[in-house]
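Please load the model in your viewer and keep the selection panel open. We will take the tour one selection at a time.

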Amino acid sequence: MPSTVPTRIDAGDRPRLARGVRLTFDRARQRHVLLSPETVVVLNATGTAIVELCDGERTVADIVADLGSRYSKVVDADVREFLAGLVGRRCVEVERDDR
Amino acid sequence: MTVDGPFALLAELTYDCPLHCAYCSNPIELAHYRDELSTGEWQRVFTEARDLGALQLHLSGGEPLRRRDVVELVRTGRDLGMYSNLVTSGLGLSAARAEQLRDAGLDHVQISVQADEPVRSDELAGTPSFERKLAAARTVKEMGWPLTVNVVLHRQNLDRIHGILRLVEEMGADRVELANTQYYGWAWRNREALLPSRAQLERAEAVVRAARERLRDRMQILWILPDYYERYPKPCMGGWASRQLVVTPNGDALPCLAAHELPLPRANVREHAVRWIWESSPLFTRFRGTDWMPEPCRSCERREVDFGGCRCQAFLLTGDPAHTDPVCHLSPDHGLVEAAVRAANDPERPGELALTPRPDPRSGARGAVAPASAEPGA
């Protein structure tokens with residue numbers, strides 16, 4: 001079951017943009033932004049890199065590994081915290097295998 | 001000084017509306033707004049607002065679907081990379097129109113709901129509309145848009161909150177905004193009939209809390225408190241001329257949709273560039289930041305939390321928009337709010353007062369619409 005309000009983000013979760021949310025580049029601010037019905041989230045470079053990998057296929061562990069191959073310091077807990085924040089703002093939802 | 005650009009443009013395309021709600025926040029006098037911006041003028045406003053930083057485009061009114069060029073305007077917003085949101089009564093959203101809007105790139109739809117059953121809803125809206133709203137919601141879902149339902153709450157529908165939430169759930173809303181009435185425009189005139197009692201609010205809050213728990217994965221529920229019952233004022237618009245730019249049907253630019261009531265010089269997009277209006281016009285700079293503040297705001301540690309509250313409310317209640325919002329318990333004018341709250345909670349108060357519905361602007365005659373009946377406890 002897709003969930004919008006998980007208590008925490010697990011390594012096996014597969015995040016994706018929630019329905020109605022768009023990632024776009026804002027020329028005025030020179031930043032990527034997430035647009036949703038009532039929110040604008042201005043992203044930094046790392047945030048953008050994470051969001052671009054949220055395709056509903058990759059797990060959080062996959063995303064951390066992918067970023068680790070491109071950036072020197074990728075902290076697993078930071079990625080999870082960032083994603084939990086976006087889930088709280090209803091910009092991202094996660095697919096979680098029920099076990 | 002560099003001024004941050006707005007995040008959103010609220011484009012009030014027309015004040016023409018099939019509904020005549022007694023809590024309408026649009027201006028009382030509408031003649032001034034009939035000379036509406038043309039398609040080309042709106043497209044220029046969108047472009048200039050986008051250049052300034054606006055990313056969200058709220059197409060509102062009145063009823064934005066009454067503009068024949070609404071599809072074209074949605075397409076312009078999409079071409080500019082904006083996230084477009086249609087704020088509608090639902091009336092006029094035929095399947096054919098919806099398909100055109102989807103193809104033009106519309107992102108999101110908000111539909112208003114007045115009550116949970118047809119008779120009361122149609123009374124409050126001042127026109128038969130309940131069934132058409134439900135049909136419009138079905139169309140929104142068929143098109144795959146996220147749906148937000150807006151409900152303006154007040155003394156005469158708060159006790160129906162349970163039924164309203166059930167209706168909104170049946171409509172398949174992804175999100176519902178339960179907004180207690182704010183007293184501007186027509187709502188200011190009806191304040192006494194609209195302001196709820198504390199007991200009503202407490203009952204409604206309990207219902208909302210339970211619904212949030214029950215629906216937490218399916219529907220986001222926003223509850224916007226009536227600020228008359230708050231200790232501190234609302235952070236109106238996130239600060240004056242800070243996040244949102246409003247443009248009215250005739251091109252007046254405003255920092256807030258109620259600001260047309262303020263005694264400040266107008267700024268119109270037909271006469272000035274949007275950037276100049278945002279960054280330099282007297283209207284937009286008058287209350288930006290904290291330098292304008294009187295005491296008790298000036299030395300208050302919350303001055304950048306609530307920005308002194310709402311300028312329009314300060315003006316309506318005290319006659320001076322530079323006063324602290326009287327909602328704040330620290331305001332020297334707080335007695336004005338306390339008196340209204342006292343009256344709303346008076347146990348001796350007679351039955352519900354009749355609402356004065358907004359006359360149909362096209363009829364041109366005040367009071368041409370029969371007043372909605374308002375039975376106590378209905």
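**Starting just past a helix**

Select B:G144 to begin: this residue follows α5(B) and has a positive phi, near 80 degrees. Keep in mind throughout that you are looking at a predicted model.

Now step back and select the helix itself, residues 130-142 of chain B. At 1.5 Å a residue, its 13 residues should span 18 Å, and the end C-alpha atoms lie 19 Å apart, so expectation and model agree.

Which residues of α5(B) are buried? Show side chains for B:F130, B:K133, B:A136, B:A137, B:T139 and B:V140. To see what covers these buried residues, add elements of chain B, including α3 (95-104), β4 (108-113), α4 (118-125) and β5 (147-153).

Next, zoom out to the whole of chain B. Colour by secondary structure and you can pick out 14 helices and nine strands. Turn the C-alpha trace along its principal axes, where it spans about 55 × 55 × 45 Å. A compact globule of 378 residues would have a radius of gyration near 21 Å; chain B has 20 Å, which agrees. Buried residues make up 49% of the chain. Of the contacts in chain B with a separation of 6 or more, 72% join residues 24 or more positions apart.

For the last stop, bring chain A into view. Here 18 residues of chain B are in contact with 15 residues of chain A. On the chain B side, select α1 (39-52) and β3 (83-88), the elements that each give two or more residues to this surface. Colour that side by residue class to find five nonpolar, eight polar and five charged residues.

How values were computed
Residues numbered from 1 in each chain as written. Chains lettered and ligands numbered in written order. Predicted model: local features only at pLDDT ≥ 70, side-chain atom pairs only at ≥ 80, totals over all residues. Helix = DSSP H or I, 4+ residues; strand = E, 2+ residues; numbered from the N terminus. Expected span 1.5 Å × (residues − 1). Buried ≥ 20, exposed ≤ 12 C-beta atoms within 10 Å, placed from the backbone. Contact = placed C-beta atoms within 7 Å. Rg over C-alpha atoms; globule rule 2.2 N^0.38 Å. Nonpolar A, V, L, I, M, F, W, Y, C, P; charged D, E, K, R; others polar.
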